[in-house]
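Trainee: I want to check the labels against their definitions. Can we go through a few?
Mentor: Yes. Have the structure open.

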Amino acid sequence: MAVTDYGMVRVAAVVPQVNVADVEGNVAHLIESVDQAIGMGASIVATPELCVTGYTCGDLFGNDLLLDAAEQALVDLNEHYRNTSVMIVLGAPLRCNGHLFNCAVILNHGEMWVVPKTYIPNYKEFYEKRWFTSSNITAIAGRDSIVVGGEEVPFGTHQIFEAGHARVAVEVCEDLWVPAPPSSIAAINGANVIVNLSASNELIGKHTYLMDLIKHQSARCIAAYVYASCGFGESTTDLVFGGNAVIAENGKVLAQGERFTTRGQLSVADIDIAALDNERRINGSFADSMVQFGTPFEHIALEVNGPLDYESQELKRPVRRLPFVPAEDDRLNARCEEIVSIQTEGLMRRLDFTGIPTMVVGVSGGLDSTLALLVGVRAFDRMGRDRKDIHAITMPGFGTTDRTYTNACAMVKALGVTLHEISIAAAVTQHFKDIGHDAANHDVTYENSQARERTQILMDFSNKVNGLVLGTGDLSELALGWATYNGDHMSMYNVNVSIPKTLVRHLVRWFAASLDDGSEAGKQIHDTLVDVLDTPISPELTPAAQDGTILQVTEDIVGPYELHDFFLYHMLRYGYAPDKLYLLARKAFNGVYDNATIRKWLRTFVKRFFSQQFKRSCLPDGPKVGNVSLSPRGDWRMPSDASARLWLAQCDSLPE
């Protein structure tokens, strides 16, 4: 089978040991660090600013002996890597027409290109203009080449290097810190990987600001950002350099080295170029930037290593099992607060606009209706309304268990909203007689009749009390079509419409903690919510076992929600095809699910996602919360009769 790289390229940021002005020793350390990165499969390797000589040489940069040695080192390094299919970016000082330039030097297969630094800092602790000239002087002079080791090589800032899928632009340190970084213009003109050779000293709070800069620049440019900054070995006469090796992609840090270490640093990551290109195609504003900032760039094709076999080796990028859920507890709590605030604000505005005084919500004792009710209570509290005007209706049917019924009632009472119990058994039994359905046949008619009866009760009861029917179905159910058309599929406003099942669970857990204020009611709510979290997810439309055990478990029927949410996120967010979803899922869920299981549920996801679009085409209103939404009026506009043939064929071709 041919090796595919899934649109990814491996990059490295290295921080070799350095000894100021010791060019020979620095070259040895450079080779050691670069070789280590190459040995890990990197196709692009970035090093720090002026790493051939050391950044802190001061007035020694005016000495020809040092500059001659640096120039010769570049020639020697170029020869050393002549037969290596890697893009290597080095930092070195180079002379040209009576000027000294702080340069990034690109080596590839015996050829050399030079990108000079544009913004030369000359404030506070920086005095670079004492030695170096800006690249702007070359633009004025119309110069596009420089002599290195007796050979003319391309010289200028408007160069983009094509290394496999990557289109690489290079900037140097201060270039990142200015209002309009050169990398922004390069990205608009096609670069999707930015390499920055840097020498940024450490100050209190500066590292946090630097990391924000790197993340934000990669996000603004919809690009990867590979940042290598000098470290131990630079002069500490006045400054200390921590040694940063950072790789970010579209606002997220993929890899980061250790600062303040006496050894060299190496960060390696796999950049998802296909995802970046997909994001740019979707983002029309990015393309529109070409109108104002489009400018000629020379594109240079480099020879780099062939595709890595990601099937057999570790993927050098984080692939989280729960992409909708923040990994860190502090971020998770803040994210939950923000999500619930968005839901609450949306509901408040709808209630305020319509002037509807009451609200009706069906409660089952399950996760989704629990979350909707909690958001409804929060909205009423913030609007200064009486919780008694929330009508929570529990509608036991043929499959309702004591556990869910008890939890629903306990929660409603603890929250102080108005509880109604309306059994659907008699009405549905009569309905079966009306349509001639055998109640012993527990087929889709048996199930959907119950769901539609519950919706009818909610709608009619809302008319009776002049209320708004609050929807409860979540994003995962909509993706799979796991909802009864014109049943639980329908409401007057749905606060859960863009909340995936894996996130619903965390939001309910967050509510359990935040509502436990030490009072008896708070403890009752907490304990009830914890039991709701422990209850198997089920529509409870078929009878339970004699001992009350839930037999109709949703995830046994349609598959694990953590897998489906994983597929959903990556397919909608990045446009991944089944083969890439399969690869990433196997990496993320290694040891949790075997390949056959992942393959089975991936095919189920694809089939259901396409076939159930008709339900999403007529969704009630509801607030968008995250990057992934299925609103037919906004993020996802798909024909209800689109064919899944291509996607299913690829699913069927996946190896087990």
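**Labels and their grounds**

Mentor: This is a predicted model. Start with Asn78, which touches Leu107, Asn108, Gly110, Glu111 and Met112, leaving aside residues up to four places away in sequence. Asn78 sits in helix 2 (residues 64–80).

Trainee: Why is Asn78 called buried?

Mentor: Its relative accessible area is 8%. Buried means under 20%. So Asn78 is buried.

Trainee: What makes the pair of the Asn78 side chain and the backbone oxygen of Gly110 a polar contact?

Mentor: The distance is 3.0 Å. The cut-off for N or O atoms is within 3.5 Å. The pair therefore falls inside it.

Trainee: Why are helix 8 and helix 14 called roughly perpendicular?

Mentor: Helix 8 (residues 329–354) and helix 14 (residues 501–514) pack at about 95°, axes 10 Å apart. Roughly perpendicular covers 65 to 115 degrees. The angle lies in that range, so the label holds. By class, their contact has eight nonpolar, three polar and one charged residues. Trp510 and Phe511 of helix 14 are among them.

Trainee: What makes strand 18 and strand 20 edge strands?

Mentor: Each pairs on one side only. They belong to an open sheet of five strands, order 18-17-16-19-20, with parallel pairing.

Trainee: How do you know that strand 16 and strand 19 pair?

Mentor: Pairing needs at least two bridges. Strand 16 (residues 358–362) and strand 19 (residues 467–471) have three bridges, in the parallel sense. So they pair. Met359 has Leu468 of strand 19 as its bridge partner.

Note on methods. Residues numbered from 1 in each chain as written. Predicted model: local features only at pLDDT ≥ 70, side-chain atom pairs only at ≥ 80, totals over all residues. Heavy atoms only, no water. Helix = DSSP H or I, 4+ residues; strand = E, 2+ residues; numbered from the N terminus. Buried < 20%, exposed > 50% of the residue type's maximum accessible area, 1.4 Å probe, protein only. Polar contact = N/O pair within 3.5 Å; in protein donor to acceptor, adjacent residues only side chain to side chain. Contact = heavy atoms within 4.5 Å. Axes fitted to C-alpha atoms, helices over the stretch in contact; angles between N-to-C directions. Nonpolar A, V, L, I, M, F, W, Y, C, P; charged D, E, K, R; others polar.
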